Amino acid sequence: MDTLSSISEELADIEGQINDIFRALSNGFQKLEKIKDSNRRSRQLEELTDKMRECKRLIKDFDREVKDLEGGNNANTNKMLSEKKQSMIKELNSYVALKKQHASTLDNKRIDLFDGPGESYGEENVLLASNMTNQQLIDNGNRMMDETDEAIERSKKVVQETVNVGTETAAALKAQTDQMSRIVNELDSIHFSLKKASKLVKELGRQVATDKCIMALLFIIVIGVIAIIIVKLVNPNNKDIRDIPGLAPPVQSRKLLWNSG
């Protein structure tokens, strides 16, 4: 590639793309050997065919670029470029042969890469059909119909499984939504109960404070009454202290008549 870079950057770039495709083809065919499902093998084979078509296009671009530079290169350089092109074509043809081998095992339609997808494809099908008897054609058609039915049944199963999963997911989401609604309602009830309890606590606090004031006032009144009673009992002749309503005045000391004589 370094040699091509010194000749033309375009040639070096095309060669790099072709080498990338060859590596992808090598890895793709190795992967194809491990695939057991016929449908997956067919899709993999189609992807590899597309890569080979792209490689064919790049080789043609490489050839055109070589022809454009042919007049300005020496004989050795032109020979080297021609050998490199032939090497690319040889390697691509080996992948084409490998692709045809896999296609025949899958009983797929074969496509000649360098003749294009529509050039020899119809002729090969005509030749294959002309070599078959009527019974073989019927058997082949029945087998293809059976394969189509199996593919449809598999698709139906996948669709049904998808529908079941969607139904279960919808039911789970509905249950979670209902649960969230219940939780929100419970939180609202708890919030209301907390507000009501807070209001009741404040009212009880005010009542307790009022009761304490009343009890203190009653206690002062009782102490005052007791103090007045004690003073009246100790000093009954004290006129500065009024009689307490409801309390009888102190008994006056009386002299007996027999003592006066």
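Start by selecting Arg-57 in this predicted model: at 39% relative accessibility, Arg-57 counts as partly exposed, because that value falls between the buried and exposed cut-offs of 20% and 50%. Now add Asp-61 to the selection. The side chains of Arg-57 and Asp-61 form a salt bridge, with 3.0 Å from N to O. Both residues belong to helix H3, and because they are four residues apart there, about one helical turn separates them.

Next, pick Lys-85 and Asp-63. Here the closest N and O atoms are 2.9 Å apart, and the pair forms a salt bridge. This one links distant parts of the chain: Lys-85 sits in helix H4 (residues 75-105) and Asp-63 in helix H3, with their positions 22 residues apart. Are Lys-85 and Asp-63 buried or exposed? Both of them are buried.

Then widen the view to Glu-54, Arg-57, Asp-61 and Arg-64. Salt bridges with shared partners join these four residues into one network. If you would like to hunt for others, the structure holds 11 salt bridges.

Stay on H3 and select Arg-53 with Asp-50. Their closest N and O atoms are 2.9 Å apart, in another salt bridge. Both residues lie in helix H3, three residues apart, or about one turn of the helix. Check the accessibility of each partner: Arg-53 has 30% and counts as partly exposed, while Asp-50 has 46% and also counts as partly exposed.

Now zoom out to the whole of H3, residues 38-69. This helix has 32 residues and spans 46 Å from its first C-alpha to its last, close to the 46 Å expected at 1.5 Å a residue. Go to its N-terminal end and show Asp-37. What does Asp-37 do there? Asp-37 caps that end of H3, with a side-chain oxygen 3.2 Å from the backbone nitrogen of Asn-39.

For a stop at the cysteines, select Cys-55 and Cys-213. Cys-55 has 0% relative accessibility, so Cys-55 counts as buried. Cys-213, in contrast, has 54% relative accessibility and therefore counts as exposed. You can skip the search for a sulfur-sulfur bond, as the structure holds zero disulfides.

Finish with residues 214-234. In an unreviewed entry, UniProt places the feature "transmembrane region" at these positions. Colour the stretch by secondary structure: over residues 214-234 the chain is 100% helix and 0% strand. To check its extent, set a distance between the end C-alpha atoms, which are 30 Å apart.

Methods. Residues numbered from 1 in each chain as written. Predicted model: local features only at pLDDT ≥ 70, side-chain atom pairs only at ≥ 80, totals over all residues. Heavy atoms only, no water. Disulfide = S-S within 2.5 Å. Buried < 20%, exposed > 50% of the residue type's maximum accessible area, 1.4 Å probe, protein only. Helix = DSSP H or I, 4+ residues; strand = E, 2+ residues; numbered from the N terminus. Expected span 1.5 Å × (residues − 1). Polar contact = N/O pair within 3.5 Å; in protein donor to acceptor, adjacent residues only side chain to side chain. UniProt positions renumbered as here; feature names shortened; annotations may be inferred.
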